[in-house]
Amino acid sequence: MHGISDLVLGTMYFGTRLDERASFALLDRFVGAGGTTIDTANCYAFWESEDGHGGQSEAVIGRWLAANPGVREELVIATKVGVEPADDGGLEGLSAEVIERECGRSLDRLGIDRIDVYWAHGEDRATDLEETVTAFGALVKNGRVTRLGVSNHATWRVERGRRLAARLSVEPWTVLQLTTSYVEPRPGADVPGKDHRFGFVSEETRDYVESHPELELWAYSPLIQGAYDRADRPLPQVYEHPGTTARLEALAQVAERHGVAPSQVVLAWMMTSAPQSRPIVGVSSLDQLDSALDAARLELSPEELSGLDAPR
Ligand SMILES: NC(=O)c1ccc[n+]([C@@H]2O[C@H](COP(=O)([O-])OP(=O)(O)OC[C@H]3O[C@@H](n4cnc5c(N)ncnc54)[C@H](OP(=O)(O)O)[C@@H]3O)[C@@H](O)[C@H]2O)c1
């Protein structure tokens, strides 16, 4: 059984594309409906900001938390470190110094004293993995972070990091954040806007997650910018293949039976089909948020799920 508490509110454009008023309205509606989990990052959204640096999303969430005393205790707040632009033009990476410094800055912007889930946002192969794992572990040991997650990493790096954590007796990564949806790009295709080589959920990821019940999977960009429902947002060309045709037909049938939008079936399917994932929804209006909240309440029958899993 899944529900609204499984849905994650993505806040990538809060404080940049979305002004404070619109961001507050979405946060109010999400939490008012029973939403508990909010995803942000120290780097959101540097590409939309005048100074080329992030922090606007965390700052807006911080001001909203301050305006709503008591609500913080009800929430899981997740934020990330690793891909904020550095002064030298590269990315900040995952050195001990960066992790320690950026955790402090995120706590300050959010106005909280503990981050519930702290993510390694992207790989940093120039830093020794042991240094990264030790630094993340120290944040948990000293009480500034509760749980650790890893995003956009090759599965072997995740496993190596978890082994290192066990050897060093520090908290391991237990949450994975990758992108996936109901339709899948052609294998090997160059997906537009895909920033991370290992950002996609693969067959290997599914096997890894299913073989490790202690791991949770959070799925970013689950609605492919709204492409399931919107004529003005066709699926990128890399999704054009026979597998997509079959999947879109199966989706349309289930959506019609329930009288809902295809994107809502996508979210309900992701929350139910093995391995279950928690979709991180990006929304820019209350209508879009309501659609996602309704999807989290949508129950699919076993027959519908198996039809969607293996469409003919
Ligand atoms: N770990 C990572 O590297 C990573 C990367 C990317 C994102 N993320 C996380 O994932 C979250 C979501 O990412 P995303 O924004 O790329 O997600 P997405 O699901 O691909 O796209 C969200 C966009 O789809 C459109 N949309 C959503 N619901 C809709 C509906 N019911 N009807 C019509 N259009 C709809 C909206 O576009 P318009 O606003 O244009 O209307 C919305 O902004 C982010 O906020 C962030 O927290 C993480």
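Visitor: At what angle do the axes of helix 7 and helix 8 cross, and how close do they come?

Guide: Two packed helices are described by the angle between their axes and the distance between the axes. In this predicted model, the axes of helix 7 (residues 242-258) and helix 8 (residues 262-272) cross at roughly 100 degrees and come within 8 Å, which makes helix 7 roughly perpendicular to helix 8.

Visitor: Which residues of helix 7 and helix 8 meet, and how do the residues of this contact divide into nonpolar, polar and charged?

Guide: From helix 7 come Leu251, Ala252, Val254 and Ala255, and from helix 8 they meet Pro262, Val265 and Val266. By class, this contact holds 7 nonpolar residues, with no polar and no charged ones. An α-helix has 3.6 residues a turn, so residues three or four places apart point the same way.

Visitor: How do helix 2 and helix 3 pack?

Guide: The same two descriptors, angle and distance, apply to packed helices in general. Here helix 2 (residues 56-67) packs on helix 3 (residues 96-110) at an angle of about 45 degrees, and their axes lie 7 Å apart; helix 2 is therefore oblique to helix 3. Helix 2 makes the contact with Glu58, Ala59, Ile61, Gly62 and Leu65, while helix 3 contributes Ser106, Arg109 and Leu110. The classes in this contact are 4 nonpolar, 2 polar and 2 charged residues.

Visitor: Which residues of helix 9 are buried, and what covers them?

Guide: In helix 9 (residues 286-296), the buried residues are Leu289, Ser291, Ala292, Leu293, Ala295 and Ala296. Their cover includes helix 1 (20-32), helix 8 and strand 8 (278-282).

Visitor: Which residues come nearest to the ligand, and which elements give two or more residues to the shell around it?

Guide: There are 23 residues around the ligand, and of these Gly10, Met12, Gly226, Gly282 and Ser284 come nearest. Strand 8 and helix 9 are the elements that give two or more residues to the shell, and the shell as a whole divides into 7 nonpolar, 13 polar and 3 charged residues.

Visitor: How many helices and strands does the protein chain have, and how compact is it?

Guide: The secondary structure comes to 10 helices and 8 strands. The radius of gyration of the protein chain is 19 Å, close to the 20 Å that the globule rule gives for 312 residues, so the chain is as compact as a globular protein of that length. Along the principal axes, its C-alpha atoms fill a box of roughly 50 × 40 × 35 Å, and 41% of the 312 residues count as buried.

Methods: Residues are numbered from 1 along each chain as its sequence is written. This is a predicted model: local features need pLDDT of at least 70, side-chain atom pairs count only at pLDDT 80 or more; totals for chains, interfaces and linings use all residues. Axes are lines fitted to C-alpha atoms, for helices over the stretch in contact, and angles run from 0 to 180 degrees between N-to-C directions. Helices (H or I, at least four residues) and strands (E, at least two) are DSSP runs, numbered from the N terminus. Angles under 35 degrees count as roughly parallel, over 145 as roughly antiparallel, 65 to 115 as roughly perpendicular and the rest as oblique. Two residues are in contact if their C-beta atoms, placed from the backbone, lie within 7 Å. Ala, Val, Leu, Ile, Met, Phe, Trp, Tyr, Cys and Pro count as nonpolar, Asp, Glu, Lys and Arg as charged, and the others, Gly among them, as polar. The radius of gyration is taken over C-alpha atoms; the globule rule is 2.2 Å times the number of residues to the power 0.38. A residue is buried if 20 or more other C-beta atoms lie within 10 Å of its own, exposed if 12 or fewer, and partly exposed in between; C-beta atoms are placed from the backbone. A residue is near a molecule or strand if its C-beta atom, placed from the backbone, lies within 6 Å of it.
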